[in-house]
Amino acid sequence: MNQSVKHYSPLQAVLIGGAIATTATVSVFAPVWTRCVLAALEDSPKALVDQVWQLVNSEYVDGSFNQQDWLAMRHTLLGKKYSSQEQAYEAIREALQKLGDPYTRFMDPQEYQALSSQTAGEVSGIGIRMEINDKTQRLTVLETIENSPALAAGVKSGDEILAIDGKSTQQMSLEDASELIRGKIGTSITIKLGRTGQSPFSLQLTRAIIEVPTVRYTLKREGNRRVGYIRLREFSGHASEQMRRAIQDLNSENVDAFVLDLRGNPGGLLNSSIEIARMWLDNGGIVRTVKRTGGSELTKANRTALTQRPLAILVDGNSASASEILTGAMKDNNRAVVIGSKTFGKAMVQSVHELADGSGLAVTIAHYYTPDGTDINKKGIIPDIKLDLTAAQQRQLANNPNLLGTEKDPQYARAITALSTQNFAQPPGRINQPMSSGGMDLKF
């Protein structure tokens with residue numbers, strides 16, 4: 001399954017992520033500039049270099065440019081001769097490194113398309129998740145995705161993929177298999193499957209756009225309580241609508257409480273985090289942002305919460321950016337008890353631009369704070385109930401993800417205990433972090 005070739009223009013994406021924790025926006029400046037330089041770009045990589053310089057000059061959150069003479073940088077960049085786009089790319093990366101900001105970064109066309117596809121929450125493929133089975137060492141279907149060509153054709157979890165378009169998958173890596181499966185929407189692919197109790201058989205499928213499930217949920221029975229367990233993997237373009245369905249479905253099951261699992265969630269779209277926060281919170285602030293000019297803007301809830309049931313949020317060191325915005329909003333408003341390990345600590349927002357040749361640029365344009373004004377950048381959010389997993393526990397959950405959200409998941413088990421108390425809305429052990437005295441920044 002491959003990521004979609006769908007492009008996001010600079011007017012479409014505001015991201016927040018974690019591994020390279022990201023929150024992003026897009027400006028009107030880029031597409032206008034792109035039209036001006038498109039023809040010249042064929043003959044001069046300098047046009048692309050200057051486009052990047054202009055965007056950073058216009059938007060970058062730090063007006064001192066990390067104490068760099070940014071105007072002199074432009075003269076240096078345009079004074080060079082570039083015999084290829086790759087040389088221009090390298091010069092751009094070197095210039096951006098001087099800003100000392102890992103989140104302001106250049107992406108070649110392939111990297112930009114991958115980010116755009118991930119943000120969209122869509123892939124072009126047949127709709128399966130695969131693994132190399134530990135016991136058989138064969139490429140195996142983990143699951144088929146709803147409304148996908150694979151599901152319609154009858155592909156089942158546990159099926160072994162023996163060949164792809166006639167090429168044997170024996171000793172084939174997941175990456176190579178994905179490369180073969182990916183392709184343009186509407187094109188055909190033939191896979192040969194092995195299924196227990198049947199002779200190997202082949203299926204011809206037509207690639208399509210698949211909405212990637214980023215929200216998974218289930219009803220848990222914990223004693224005499226009904227708990228809605230929701231795991232959110234990232235804040236993609238479809239995350240909010242999937243979250244809405246999850247909450248509504250669990251509401252129809254008359255749950256007594258919710259556990260929202262944000263562990264390992266690196267972030268994603270800023271607007272997605274705000275929309276999801278509003279599903280849990282009727283009143284109060286969600287996130288405060290400050291740009292280069294120093295203006296502060298507080299985004300608030302708007303009385304559209306879907307539930308008032310008790311809520312516990314699970315986080316860890318890989319819960320970043322948009323995850324931290326959502327967690328910070330719920331914590332500052334005493335809407336949830338937060339359980340787990342300290343979060344990543346990424347509080348910056350980027351503007352993401354598609355450049356003239358299909359490459360991309362992410363520019364840090366702002367800093368965000370929790371509603372109470374706490375700056376979590378490089379600090380993270382301290383859970384109300386801090387519970388770090390041991391190395392052995394981490395390995396067990398990583399090797400068997402089905403244990404997440406069960407009694408063998410210590411952080412989930414602690415959440416159930418917390419939700420059973422009468423004072424969950426005023427969680428024990430809350431650590432009051434100092435208010436920030438400075439302005440606020442948004443990172444991508």
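Two strands are said to pair if DSSP finds at least two bridges between them. The legends below describe close-up views of a predicted model.

**Figure 1. Strands E13 and E14 form a hairpin.** Strands E13 (215–222) and E14 (225–232) run antiparallel and are joined by 8 bridges. The hairpin has 2 residues between its strands, and Gly223 in the turn has a positive phi of about 65°. Two of the facing positions may be picked out in this view. Arg216 has Arg231 in E14 as its bridge partner, and Tyr217 stands opposite Ile230 in E14.

**Figure 2. The hairpin strands belong to an open sheet of 6 strands.** The order of the strands is E13-E14-E15-E19-E20-E23, and their pairing is mixed. E13 and strand E23 (385–386) are the edge strands, each of them pairing on one side only. Whereas E14 runs antiparallel to E13, E14 and E15 run parallel and are joined by 5 bridges. Within this parallel pair, Gly228 stands opposite Phe258 in E15. Helix H8 (residues 239–252) makes a right-handed β-α-β unit together with E14 and E15.

**Figure 3. The second largest pocket is lined by 21 residues.** Its volume is about 710 Å³. Arg129, Arg233, Asn400, Pro401 and Asn402 are the lining residues that lie nearest the centre of this pocket. Strands E6 (128–132), E7 (139–144), E13 and E14, along with helix H11 (391–399), each supply at least two residues of the lining. The largest share comes from E13, with 4 residues. By residue type, the lining divides into 7 nonpolar, 6 polar and 8 charged residues.

**Figure 4. Asp409 and Arg263 form a salt bridge between two loops.** The closest N and O atoms of Asp409 and Arg263 are 2.6 Å apart. Asp409 lies in the loop between H11 and helix H12 (410–420), and Arg263 in the loop between strand E15 (257–261) and strand E16 (268–269), so the salt bridge ties together parts that are 146 residues apart in sequence. Both residues, Asp409 and Arg263, are buried. They also belong to a network of salt bridges that links Arg231, Asp261, Arg263 and Asp409. Arg231 is the residue that serves as bridge partner of Arg216 in the hairpin of Figure 1.

**Figure 5. Two further salt bridges involve partly exposed residues.** The count of salt bridges in the model comes to 14. One of them joins Glu160 to Arg138, with the closest N and O atoms 3.6 Å apart. This pair links distant parts of the chain, as Glu160 is in strand E8 (residues 160–164) and Arg138 is in the loop between E6 and E7, 22 residues apart. Arg138 has a relative accessible area of 41% and is therefore partly exposed, given that this class lies between the limits of 20% and 50%. Another salt bridge joins Lys386 to Asp388, where the closest N and O atoms are 2.7 Å apart. Lys386 counts as partly exposed at 47% relative accessibility, and Asp388 is partly exposed at 43%.

**Figure 6. Strand E5 is covered on both faces.** In a regular strand, side chains alternate between the two faces of the sheet. In E5 (residues 122–125), Glu122 and Ser124 are on one side and Val123 and Gly125 on the other, and all of these residues are buried. E5 pairs with strand E12 (residues 208–211) in the antiparallel sense over 4 bridges. The bridge partner of Val123 in E12 is Ile210.

**Figure 7. Ile145 and Pro213 are 7.6 Å apart in space, C-alpha to C-alpha.** In sequence, the two residues are 68 residues apart. Ile145 lies in the loop between E7 and helix H6 (149–153). With a relative accessible area of 3%, Ile145 is buried, because the term applies under 20%.

**Figure 8. Helix H10 is largely enclosed by the rest of the structure.** The description rests on a count for H10 (residues 322–332): 10 of its 11 residues are buried, so the rest of the structure largely encloses the helix. Among the buried residues are Ala322, Ile325, Leu326, Ala329 and Met330, as well as Glu324 and Lys331. Asn334, which follows H10, has a positive phi, near 55°.

Note on methods. Residues are numbered from 1 along each chain as its sequence is written. This is a predicted model: local features need pLDDT of at least 70, side-chain atom pairs count only at pLDDT 80 or more; totals for chains, interfaces and linings use all residues. Side-chain values use heavy atoms; hydrogens and water are left out. On a 1 Å grid over the protein atoms alone, a cavity is a set of points where a 1.4 Å probe fits but cannot get out, and a pocket is an open set with protein on both sides within 12 Å along at least five of seven lines; lining residues have an atom within 4 Å of a point. Grid points are joined across faces, edges and corners, and a volume is the space filled by probe spheres set on the points. Ala, Val, Leu, Ile, Met, Phe, Trp, Tyr, Cys and Pro count as nonpolar, Asp, Glu, Lys and Arg as charged, and the others, Gly among them, as polar. A salt bridge is a side-chain nitrogen of Lys or Arg within 4 Å of a carboxyl oxygen of Asp or Glu. Buried means under 20% relative accessible area, exposed over 50%, partly exposed in between (1.4 Å probe, protein chains only). A crossover is right-handed if, with the strands pointing away from the viewer, the path from the first strand over the helix to the second runs clockwise.
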